[in-house]
Amino acid sequence: GGGSSRTYAGRVAFKDSVKALQIWADSAYVQGTTYIFVANLVFQDSTRKVRARKLTYDNGARVGKFEGNVLLEDEQRALFAQHIHVWPDSDKVLASGEVVLSVLDEDRHIRADELTYRATLNFGTAVGNVVASKKNGTDSLTIEADSLRFVPDEETFDFFGNTVVSQRRTS
């Protein structure tokens, strides 16, 4: 079948009071159960705020796909990537392309090709060109590895594959 589609232009606002969800964009269109928001996108729910160029939300599969200089922020962390997929029902986040995860109150970062994180489980993995860094005053620690498994609240970081550790003190 042909299905149905609708297009909205101008500054578009979508609000779902049941899920405490708000989305703003310059334009949007709907195709069946898929909602696409384009340009100057801001997504906000009760726990996070996301800025991106585009959001494709498949209501049937319950997954949001953010694209283009995506910045996802919650109270503790900021995640930047070219693509971020969010599964709201499972609180799973998958980021790919120039990924940087930063802890906001500390100078601690994880860079990788791809990163998966589950906030409710406080658990994540990073794969491909992983670089973890932490700076504390004049001391800095950098660890490069093929992959990483981490539990941020426990400050547990397990590195796998070829691993290089370097430490520096600056005056």
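I'll walk you through the two largest pockets in this structure.

Quick housekeeping: this is a predicted model, where local features need pLDDT of at least 70, side-chain atom pairs count only at pLDDT 80 or more, and totals for chains, interfaces and linings use all residues. Residues are numbered from 1 along each chain as its sequence is written, and side-chain values use heavy atoms, with hydrogens and water left out.

A pocket here is an open set of points on a 1 Å grid over the protein atoms alone, where a 1.4 Å probe fits, with protein on both sides within 12 Å along at least five of seven lines; lining residues have an atom within 4 Å of a point. Volume is the space filled by probe spheres set on the points, which are joined across faces, edges and corners.

Okay, the largest pocket: about 450 Å³. Of its 22 lining residues, Lys19, Leu21, Phe43, Arg62 and Pro88 are closest to the centre. Strands (DSSP runs of E, at least two residues, numbered from the N terminus) E1 (5–16), E2 (21–31), E3 (34–44), E4 (49–58) and E5 (63–73) each put in at least two residues, and E3 gives the most, with three. By class, that's eleven nonpolar, four polar and seven charged; Ala, Val, Leu, Ile, Met, Phe, Trp, Tyr, Cys and Pro count as nonpolar, Asp, Glu, Lys and Arg as charged, and the others, Gly among them, as polar.

Now, which residues lie nearest the centre of the second largest pocket? Thr47, Arg48, Asp74, Glu75 and Ala119, out of 17 that line it. Two or more lining residues come from each of E5, E6 (77–87), E7 (92–103) and E8 (107–118), with E6 giving the largest share, three residues. This second pocket has a volume of about 330 Å³, and its lining splits into eight nonpolar, three polar and six charged.

Conventions: Helices (H or I, at least four residues) and strands (E, at least two) are DSSP runs, numbered from the N terminus.
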